[in-house]
Amino acid sequence: MPYTRIPKRGWLAVGLLTAVAVSVMLLRSPSTPPELPQADNGTVSISSNATEAAPEATAEQPENRVVRGVVSQGDTAGKILQGWVTSNRTQALLDACRKVYSLAMIRTGQPYTVVANATNGSIERFEYEIDDDRKLVVNADEAGEGFIARVEPIHYEYELTRVDAVIDSNLFQAVADAGESPGLAITLADIFGWEVDFIRDIREGDSFSVLVEKRYRDGDFKGYGRVIAATFTNQGETYEAFYFTDDFGGPAYYNKDGQSLRKSFLKAPLSFTRVTSGFSKNRLHPIFMERRPHPGIDYAAPTGTPVKSVANGEVKQAGWVNGYGNQVIVRHGGRMETLYSHLSGFAKGVRKGTKVRQGQVIGYVGATGWATGPHLDFRIRQGGDFVNPAKMMNPRSEPVAKKRMKAFGDRVAFIRTFIDGTRNIAEYRRDMIPDV
């Protein structure tokens, strides 16, 4: 399919929607820290950060108070609980939690719930959502002196949905036009990121179809579950993906023949942006205004856009390097290295000697060093020589094992019944496609 120039308003949409996605992934705005002091009348006062739900009735206490809040920037478990328990009991609660999940690891933006005795204001139960799948539950023991802690799965209701769309300008806009959230675009880019370069390869008229689980709690949409199957047509070529676990029990995607969609290297270190300079032996340098080699690819993107390692490896260097600014170099097998420059900062824990996995965020787009604006300078070096990332050989990961091919074939055939309409999507139950 010939290249169709995207109008200026299309690039504006790319920028705006990229910023939305980055804010979804990175900038979960902290709320006002909760202030829960003990009031003079013995009850607990509630700040604007926490909201009081309807009283919770139990056999022992008919009108327990339920207060829900969100962890704010700078919060600790002690700060959150100070209005509900004495310092001695706070320590007892923290000690109980440490056996299953340390509250020292609470994160900004995560919800919590406090259930308090309506008579004396003492805490009966504390819940903290560790992530989208697990929550910490802490109950006062029968004597009312200690606590019992456990980690429970978060219960969701799941519905299977089919989403079909044609791209007019970019993937984010197509997903939004279909009435879906940016998270679905990010997931599709993750699945097909080894087959399609979502920065350079997308054309007007490309399309996708996806069977995806939607998660609900108490009737409210809470994001997406597994993508069961998807197709993506790019420049006339269609790629298929079917959900199946790999030999280690992890989620993976394969085509109908059982070949892995995952390859040794991602096609690009960013999900959505645009190329401003390609691999060249004679590029006009934008600062020094003279011809110099540019053995890499420049990706323009907003400051703070996550930068991902394109393959598994070990961080060789993470620091300031003259004109490159903040730079990360990752060492891979086969005397291969990837270089990421002009970063605004490094991801937490990324330092020399750190092991990183393919797709892991290692830094964030910036304009440090010799740069005219925020962008990523991405390079690949093999045996000491720079190579063009766009022309690299990129072998696939392991296919479905022969002993599991029958199970995979049965899975694909079953999923196709939802695709072709043989089976009603409304009949879907999550246990129909187990994670085995």
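This report walks through helices, strands, cores and salt bridges in one predicted model.

## The nonpolar cores

The largest nonpolar core has 44 residues. Within it, Leu-171, Phe-192, Phe-198, Phe-208, Val-210 and Phe-232 touch the most other members. Several elements give two or more residues to this core: strands E7, E8, E9, E10 and E11, and helices H4 (171–177), H5 (182–192) and H6. H5 gives the most, with 7 residues. In soluble globular proteins, nonpolar side chains tend to be buried together.

There is also a second, separate core of 26 residues. Its members include Ile-297, Tyr-299, Val-356 and Phe-378.

## Helix H6

Helix H6 covers residues 405–419, which makes 15 residues. Its first and last C-alpha atoms lie 21 Å apart. That is close to the 21 Å expected at 1.5 Å a residue. Just after the helix comes Gly-421, with a positive phi near 90°.

Six names make up the buried list for H6: Phe-408, Arg-411, Val-412, Ile-415, Thr-417 and Phe-418. What do the buried residues of H6 pack against? Their partners are strands E7 (157–166), E8 (207–217), E9 (220–234), E10 (237–245) and E11 (251–254). These strands also appear, together with H6, among the elements that give two or more residues to the largest core.

## Strand E4 and its neighbours

Strand E4 spans residues 123–129. It is largely enclosed by the rest of the structure, because 5 of its 7 residues are buried.

E4 pairs with strand E3 (residues 111–116), and the two run antiparallel, joined by 5 bridges. Here Val-115 has Arg-125 of E4 as its bridge partner. E4 also pairs with strand E5 (residues 134–140), again in the antiparallel sense and over 5 bridges. In this pairing, Arg-125 has Asn-139 of E5 as its bridge partner. Arg-125 thus links to Val-115 and to Asn-139. E4 and E5 form a hairpin, with 4 residues between them.

## Strand E21 and its partners

Strand E21 (residues 361–365) runs antiparallel to strand E16 (residues 306–308), and 3 bridges join them. One pair is Val-307 with Gly-363, the latter in E21.

Strand E19 (residues 336–346) is another partner of E21. This pairing is also antiparallel, over 3 bridges. Here Gly-345 stands opposite Tyr-364 of E21.

## A glycine in a loop

Gly-384 sits in the loop between strand E22 (375–382) and strand E23 (385–387). Is Gly-384 buried or exposed? Its relative accessibility is 52%, so it counts as exposed. Exposed means over 50%.

Gly-384 and Glu-337 are 47 residues apart along the chain. Their C-alpha atoms are separated by 8.5 Å.

## Salt bridges

How many salt bridges does the model hold? The count comes to 24. Some of them join into a network, which links Glu-213, Arg-226, Arg-430 and Asp-435.

Other pairs can be taken one by one. In helix H3 (residues 87–98), Asp-95 and Arg-98 are 3 residues apart, so about one helical turn separates them. An α-helix has 3.6 residues a turn, so residues three or four places apart point the same way. The side chains of Asp-95 and Arg-98 meet in a salt bridge, at 2.6 Å from N to O. Asp-95 is partly exposed, at 35% relative accessibility.

Asp-377 and Arg-379 form another salt bridge, with their closest N and O atoms 3.0 Å apart. Where does this pair lie, buried or exposed? Asp-377 has 4% relative accessibility, so it counts as buried. Arg-379 has 10%, so it is buried too. Buried means under 20%.

Asp-431 and Arg-429 give a further case, with side chains meeting at 3.2 Å, N to O. Asp-431 is exposed, with a relative accessible area of 54%. Arg-429 counts as partly exposed, at 48% relative accessibility.

How values were computed: Residues are numbered from 1 along each chain as its sequence is written. This is a predicted model: local features need pLDDT of at least 70, side-chain atom pairs count only at pLDDT 80 or more; totals for chains, interfaces and linings use all residues. Side-chain values use heavy atoms; hydrogens and water are left out. The expected span of a helix is 1.5 Å times one less than its number of residues. Buried means under 20% relative accessible area, exposed over 50%, partly exposed in between (1.4 Å probe, protein chains only). Contact means heavy atoms within 4.5 Å. A salt bridge is a side-chain nitrogen of Lys or Arg within 4 Å of a carboxyl oxygen of Asp or Glu. Two strands pair if DSSP finds at least two bridges between them. A nonpolar core is a set of buried Ala, Val, Leu, Ile, Met, Phe, Trp, Tyr and Cys residues joined through side-chain atoms within 4.5 Å.
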